[in-house]
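Please open the model in your viewer and keep the sequence panel beside it. This tour moves from one selection to the next and says what is found at each stop.

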Amino acid sequence: MTGRRTPAIEVRVPAKVNLELRVGPVRDDGFHALSTVYHAVDIVDDVTVRRADDWGIEVTGPYADRVPADDTNLAYRAARLLASDRGVDDPVHIEIAKTIPVAGGMAGGSADAAATLVGCDALWGLDTPRPDLERLAARLGSDVPFLLTGGTALGSGRGEQVVPVLTQGTFHWVFALHHGGLSTKDVYAELDRLRADEPVADPEPGQDVMAALRAGDVEQLASALHNDLEDAACSLEPHLRTTMATGLEQGALAAIVSGSGPTVAFLARDNTAALDLMVGLSAEAVADEVVHGRGPVGGAHVTSDPGLR
Ligand code: ATP
């Protein structure tokens, strides 16, 4: 320690699972039109931003070697974007303690970007109006605005326009992780290939997921979960079907590919059922790792303001 006192802000940010993901046609800007229900779960990254002489980033945790620690990291780009937008010339060092699976369809990179926007905004004392922060978030990626908000929300446009959804209670999930990773771009390309001969309608939100959430009814939610990307993800990684079938045999109420995969999300009746399912899935060794998550939880938020330390 140099004894120099370094202001720092720590921000916690959740991962997401899509309870419903409907993919429409490709738009003129190259993005697919989406209608989705995002749901934030308590699998989190902790992002610390602190004043430094130079811009820098480091990633720690079990998946660190799979995340770029350079200017291509979405968190780094978030800090630079906020700085240039707000006219700040005050370098930061970003540290990401990563537990959100990488390239798992749980929006880990987007989560880190959202956390960095919140952290830098606080560190620099900007108090950026929320709509401006959301606009910058949307420039960084379609999922980033949702990770600012968290909870459960309806996403439209390319996913960047989010409106909170009324929910009751807590839902228990078990996530089966596959460390191979799937590129989101490849999964969308596979979806386009699979339905090349079909007309693709504009995506509309279904009412079943919303009704289940409003009622806090886990069985109703189980039968309403839907992901248009699931067939494409399973076409690229056929073993995902085995993972899904195994979890259902082990008592999961429903199985769904999370976002673009390859993480498989299982909905469990309650906490005890989730723990039993984790044991069962681990014994069957169908995934590289099995983790428990609860949702909904809030979006990126300051957890500690270590201030001068
Ligand atoms: P999504 O669900 O939004 O499609 P994902 O969860 O499948 O995303 P990410 O974990 O966000 O995928 O990572 C996708 C790729 O982005 C990684 O392979 C990695 O190279 C790159 N990347 C850049 N910044 C980060 C970051 N902060 N955390 C994780 N990956 C990052």
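The domain bounds used on this tour come from an automatic or database domain assignment. With that in mind, remember throughout that what you are viewing is a predicted model.

Begin by colouring the two domains separately: the assignment gives residues 7–165 as domain 1 and residues 171–295 as domain 2. Their centres, taken over C-alpha atoms, are 22 Å apart. Where the two domains touch, domain 1 contributes 29 residues to the contact and domain 2 contributes 34 residues.

Next, stay on the side of domain 1 that touches domain 2, and select the strands β1 (7–26), β2 (32–51) and β5 (152–156), the elements that each give two or more residues to that side. Which of these elements supplies the largest share of that side? The answer is β2, from which ten residues come. If you colour this side of domain 1 by residue class, you should find 18 nonpolar, eight polar and three charged residues.

Now turn to the ligand and display the residues around it, of which there are 20, with Ala107, Gly108, Gly109, Asp112 and Thr184 as the closest. This shell draws at least three residues from domain 1 (7–165) and at least three from domain 2 (171–295), and it is therefore worth keeping both domain colours switched on here. Among the elements to highlight are α1 (74–86) and α2 (108–123), each of which supplies at least two residues of the shell, while the largest share, four residues, comes from α2. Sorted by class, the shell around the ligand holds nine nonpolar, nine polar and two charged residues.

For the following stop, select residues 73–151, which UniProt, in an unreviewed entry, lists as "domain: GHMP kinase N-terminal". The C-alpha atoms at the two ends of this span lie 25 Å apart, and the span is 58% helix and 8% strand.

Finally, move to helix α6 (residues 208–215) and pick out Val209 within it. Is Val209 buried or exposed? Val209 counts as buried, because 24 C-beta neighbours lie inside 10 Å, and the cut-off for a buried residue is 20 or more. Leaving aside neighbours within four places in sequence, Val209 is in contact with Leu19, Glu20, Val37, Leu221 and Ala224. To end, select Leu225 together with Val209: these residues are 16 apart along the chain, and their C-alpha atoms are separated by 6.7 Å.

How values were computed. Residues numbered from 1 in each chain as written. Predicted model: local features only at pLDDT ≥ 70, side-chain atom pairs only at ≥ 80, totals over all residues. UniProt positions renumbered as here; feature names shortened; annotations may be inferred. Buried ≥ 20, exposed ≤ 12 C-beta atoms within 10 Å, placed from the backbone. Contact = placed C-beta atoms within 7 Å. Nonpolar A, V, L, I, M, F, W, Y, C, P; charged D, E, K, R; others polar. Near = placed C-beta within 6 Å.
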